[in-house]
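Please look over the model shown here before any use of its coordinates. This briefing goes from the whole chain to single helices and then to one loop residue.

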Amino acid sequence: NVVEVFNRARDTAPAILFFDEIDAIGKRRALAGNDSVTPRVLSALLQEMDGAKKSKKQVIVVGATNVPDQLDAALMRPGRFDKIIYMHLPDDAARKAIFKVSLKGLPVSKSVDYNKLAKKSRRFSGADIANVVKTALRKAAEDAKKAGKVVPITMNHLLGVLEKTKPSTSLGALEDYERFQLDFQRSE
């Protein structure tokens with residue numbers, strides 16, 4: 001399948017191949033254990049990436065992972081992935097914007113303090129924030145059902161969910177990501 005994907009990309013070049021969770025096929029060989037498929041798939045991927053570089057047709061390969069420490073060293077060498085970008089968690093301003101976008105179009109109380117929400121959601125990813133908003137919306141819907149009328153999402157709904165929700169990125173994972181960035185990020 002890897003060979004077929006690259007052949008199709010070369011046939012339709014210029015093309016971008018995006019491998020989400022590339023660790024599934026680019027896992028360190030030492031982690032494969034008794035699995036004989038993983039090293040073969042990785043080998044095919046590496047050969048195709050090298051072939052894509054040699055080809056005159058433009059094929060750009062992009063990969064994403066949340067476990068970069070599990071990627072095979074051969075995949076990480078320059079010439080395969082020339083640029084490695086660390087996507088940090090959103091800062092206060094970004095979290096504030098994510099709350100605003102996630103709440104857009106929903107009935108929201110004017111008392112919602114986006115700055116406070118941003119501060120209370122440190123280490124939260126965009127997906128974490130979207131989940132907080134969905135859960136708060138369900139709580140507002142429950143309140144609306146009891147009241148028999150539309151109840152806007154309030155600061156209490158949001159803070160109540162935030163207090164019971166842990167961010168999906170652990171402190172240990174953040175340390176691993178920072179270490180990976182220091183080891184492999186080649187340029188800004």
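The points below are grouped by topic and concern a predicted model.

**Fold and overall dimensions**

- The chain is made up of nine helices and two strands, and, read from the N terminus, these elements follow one another in the order α-β-α-α-β-α-α-α-α-α-α.
- The radius of gyration of the chain is 22 Å, whereas a compact globule of 188 residues would have a value near 16 Å.
- Taken along the principal axes, the box that the C-alpha atoms fill is roughly 65 × 35 × 35 Å.
- Where contacts in the chain link residues at least 6 apart in sequence, 75% of them join residues that are at least 24 apart.

**Surface and charge**

- Buried residues account for 34% of the 188 residues of the chain.
- The chain exposes about 11,900 Å², and 53% of this area is supplied by carbon and sulfur atoms.
- The chain carries 33 positive and 23 negative charges, and the mean positions of these two sets lie 6 Å apart.

**Helix α1**

- Helix α1 spans residues 2-11, and its buried residues are V2, F6, A9 and R10.
- Because these buried residues cover an arc of only 100° around the axis, they lie on the same side of α1.
- R8 and D11, by contrast, are exposed on the other side of α1.

**Helix α8 and its cover**

- In helix α8, which runs over residues 155-164, the buried residues are M155, H157, L158, L159, V161 and L162.
- The cover over the buried residues of α8 includes α5 (92-103), together with α6 and α7.

**Residue S121**

- S121 sits in the loop that connects α6 (114-120) with α7 (126-147).
- Is S121, for all its place in a loop, buried or exposed? With a relative accessible area of 0%, S121 falls under the 20% limit for a buried residue and is therefore counted as buried.
- Once the neighbours within four places in sequence are left aside, the residues in contact with S121 are R95, F99, I129 and L162.
- One of these contacts, L162, is itself among the buried residues of helix α8, so that the loop residue and this helix can be inspected together in the view above.

Methods: Residues numbered from 1 in each chain as written. Predicted model: local features only at pLDDT ≥ 70, side-chain atom pairs only at ≥ 80, totals over all residues. Heavy atoms only, no water. Helix = DSSP H or I, 4+ residues; strand = E, 2+ residues; numbered from the N terminus. Rg over C-alpha atoms; globule rule 2.2 N^0.38 Å. Buried < 20%, exposed > 50% of the residue type's maximum accessible area, 1.4 Å probe, protein only. Contact = heavy atoms within 4.5 Å. Areas by Shrake-Rupley, 256 points an atom, 1.4 Å probe, with all protein chains shown as cover. Lys, Arg positive; Asp, Glu negative; His and termini not counted. Charge placed at Lys NZ, Arg CZ, Asp CG, Glu CD. Arc of directions from axis to C-beta.
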